[in-house]
Amino acid sequence: MAKPISDAFDVTEIAERLRVDNGGYEVFHASSGIDLGVYVLVAPEPDPQQPHEWDEVYLVLQGRATLIVEGEEIPLVEGGAAYVKAGAEHRFTDYESVSVLVVFDKTQTA
């Protein structure tokens, strides 16, 4: 059976389910060039991320946070986005609850 050329996702439902479960990460699409996921953090749990092998973009769906990338603080609010180069140290801080769409560019590596 052939893979579909397009698909639709309920990102809001995924984010809400993860928030109710006190946070987490879920990939909802993976292909050879791109991964899409939802990442939810709920205080007081810290962001345990380690550097990734792929470039990524975060788009804030709900809440606000500060993304620290290699020591640089990037304040983010709903609708805000940030790019993180593969291999860069980064993590979210200063949040009560934040939901982000994560886009990994698997064509680039650290």
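**Notes on a predicted single-helix, eight-strand model**

1. N22 is partly exposed, with a relative accessible area of 44%; partly exposed means between the buried class (under 20%) and the exposed class (over 50%), using a 1.4 Å probe and protein chains only. Although N22 is not a glycine, its phi is positive, at about 70°. The residue sits in the loop that links α1 (11-20) to β1 (24-30).

2. A word on the ground rules: this is a predicted model, in which local features need pLDDT of at least 70 and side-chain atom pairs count only at pLDDT 80 or more, while totals for chains, interfaces and linings use all residues. Residues are numbered from 1 along each chain as its sequence is written, and side-chain values use heavy atoms, with hydrogens and water left out.

3. E70 also deserves a look: phi is positive here too, about 50°, and E70 is not a glycine. E70 belongs to the loop between β4 (64-69) and β5 (72-77) and is exposed, at 56% relative accessible area.

4. Please check the peptide bond between A43 and P44 as well, which is cis with omega of about 10°. P44 falls in the loop between β2 (34-42) and β3.

5. On the overall layout, the protein has one helix and eight strands, in the order α-β-β-β-β-β-β-β-β along the sequence. Helices (H or I, at least four residues) and strands (E, at least two) are DSSP runs, numbered from the N terminus.

6. Strand β6 (residues 81-84) has alternating side chains: A82 and V84 are buried on one face, whereas A81 and Y83 point to the other face and are not buried. Strand β3 (residues 55-62) runs antiparallel to β6, with four bridges between them; strands count as paired if DSSP finds at least two bridges. Within this pair, V57 is opposite Y83 of β6.

7. The radius of gyration is 14 Å, which agrees with the value near 13 Å for a compact globule of 110 residues; this radius is taken over C-alpha atoms, and the globule rule is 2.2 Å times the number of residues to the power 0.38. Along the principal axes, the C-alpha atoms fill a box of roughly 45 × 35 × 20 Å.

8. Of the 110 residues, 38% count as buried. For contacts (heavy atoms within 4.5 Å), 61% of those between residues at least 6 apart in sequence join residues at least 24 apart.
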